[in-house]
Amino acid sequence: MERDVDRFAEAESQDNGKPVHLAHEVDIPRAVANLRFFATAILHQQSEAHLTDGLAVNYTDRQPIGVAGCISPWNLPLYLFTWKVAPALAAGCTVVAKPSEVTPWTAYLLSRVCAEEGLPPGVLNIVHGLGPKVGAAMSAHPDIPAISFTGGTRTGAEIARTAAPLFKKLSLELGGKNPVIVFDDCDFEAMLTTTVRSSFRNQGQICLCGSRILVQRGSYDRFRAAFVERTKALHVGDPKDPGSDLGALVSKAHLEKVLGHVEIAKSEGGRILCGGDQVHLEGALSGGWYMRPTVIEGLGPQCRTNQEEIFGPVVTLQPFDTEAEALTLANSTPYGLAAVIWTKDLQRAHRVARGVQSGIVWVNCWMLRDLRTPFGGVKQSGVGREGGWEALRFFTEAKNVCVRL
Ligand code: NAD
């Protein structure tokens, strides 16, 4: 796969609309890293043994759970697909894996590479099709004892409804409405550069993107001016052009959904500071699903714009005065996937990181990943944190063996 990075990156861009350079820099190398990481992590997997009052020895025998069901979304197609498939295979499972019907191509290319490399038939079974048909059949299938799913919260609830009465093991990585908390004392330039990225990378279609930017009052005006200026300078263009910062959104329906949210924001009294509209490119790309990155202010925490996941290049700004107020705002949605904190105050960084209700917290950075760490959200952003050892264990069944001495 590594030798085919160009082919995979182009396929992903064509499926998805993202800039080729982004797929080249992020998606495909991270997919390779997933495969490498789990291939070696399994070599270091440990199990527990306990000597019980000198009477017995107990040990935990972790066996592959069986056929693993993996269902993934369209936004980072190969990256998230391999995030599930790699630990399942490493743990010794056979796998039935379904990529999103919106972006099937890279999973198909992966199946070709696996066949070329001699993976035995039947070990990795990549199935294509619509979610409510093929995905639902996987969730309901009695011979698939574990489902690892990444996608929307509503779909996750649907899968849980089907799988729970069958007592399947479930890992659900769901939506988010992530806060970025900017304190007055932060490194302003570093914060600004990264916050532009955490807002609009992949057209804002990363579950980890910060979509609510909370800014302490002393920096609010400066931040708003600088952030809007940088946002306006982003180039929306041909995904093949290395100069494009944003490519197309994934589909017409998704573009319409995101534009619909901008209308909702306006009806709620939001002020559009920049963007808010479709970008019409020339020539062969005319009619494409491009959108200008959008910044909105003037909305309270309880309005739909600040409560619902939009999953596009749209962020809101909200001012706050105190640390307590920042936490209240940050925790005011049903989601809890990721949060970003910008401050130079070490104690505050730790305090706020503890107080924020999310599975992942970045302090003075964003999307820096160590694959050994747990990954996933709390509240309606998911259950069954995956990552490193957790992912390997998810695909196993632990058996305790107690031997009388
Ligand atoms: P989606 O829920 O519509 O689809 C995800 C996958 O589920 C697809 O493969 C789809 O075919 C399948 N599916 C749909 N209905 C199904 C059903 N009834 N039963 C079984 N499978 C079904 O999500 P999407 O639109 O592809 O992706 C965007 C969403 O994914 C966003 O909400 C985003 O936040 C979330 N996401 C979360 C993470 C995370 O790590 N938490 C990462 C990426 C994306």
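1. The second largest cavity of this predicted model has a volume of about 100 Å³. A cavity here is a set of points, on a 1 Å grid over the protein atoms alone, where a 1.4 Å probe fits but cannot get out, and lining residues have an atom within 4 Å of a point; grid points are joined across faces, edges and corners, and the volume is the space filled by probe spheres set on the points. The lining consists of Leu76, Tyr79, Leu80, Trp83, Cys207, Leu208, Met367, Arg369, Leu371 and Phe375. By class these divide into 9 nonpolar, no polar and 1 charged residues, where Ala, Val, Leu, Ile, Met, Phe, Trp, Tyr, Cys and Pro count as nonpolar, Asp, Glu, Lys and Arg as charged, and the others, Gly among them, as polar.

2. On the basis of the values, residues are numbered from 1 along each chain as its sequence is written, and side-chain values use heavy atoms, with hydrogens and water left out. Local features need pLDDT of at least 70 and side-chain atom pairs count only at pLDDT 80 or more, whereas totals for chains, interfaces and linings use all residues.

3. The structure holds 4 cavities of 30 Å³ or more, and the largest of them has a volume of about 120 Å³. Its lining is made up of 16 residues, with Gly204, Cys209, Ser211, Glu309 and Phe311 lying nearest the centre. Strand S9 (210-216) and strand S14 are the elements that give two or more residues to this lining; helices (H or I, at least four residues) and strands (E, at least two) are DSSP runs, numbered from the N terminus. The lining of the largest cavity contains 7 nonpolar, 7 polar and 2 charged residues.

4. Phe311 deserves a separate look, since its phi is positive, about 60 degrees, although the residue is not a glycine. Phe311 is placed in the loop between H10 and S14, and at 16% relative accessibility it counts as buried, a term that means under 20% relative accessible area, with exposed meaning over 50% and partly exposed in between (1.4 Å probe, protein chains only).

5. Phe167 also has a positive phi, near 55 degrees, and is a residue other than glycine. This residue lies in the loop between helix H6 (153-163) and strand S7 (169-173), and with a relative accessible area of 75% Phe167 is exposed.

6. For helix H9 (residues 252-267), the 16 residues at 1.5 Å a residue should span 22 Å, and the end C-alpha atoms are 23 Å apart, which agrees; the expected span is 1.5 Å times one less than the number of residues. The buried residues of H9 are His254, Leu255, Val258, Leu259, His261, Val262, Ile264 and Ala265. Their packing partners include strand S10 (271-274), strand S13 (294-297), helix H10 (304-307) and strand S14 (314-320), with contact taken as heavy atoms within 4.5 Å. After H9 comes Gly269, whose phi is positive, near 100 degrees.

7. Ser219 belongs to helix H8 (residues 217-232) and is buried, with a relative accessible area of 8%. The side chain of Ser219 makes a polar contact with the side chain of Asp184 at 2.6 Å; such a contact is a pair of N or O atoms within 3.5 Å, of which, within protein, one must be able to donate a hydrogen and the other to accept it, and residues adjacent in sequence count only if both atoms are side-chain atoms.

Methods
1 Å grid on protein atoms, 1.4 Å probe; cavity = no way out; pocket = protein on both sides within 12 Å on 5 of 7 lines; lining within 4 Å.
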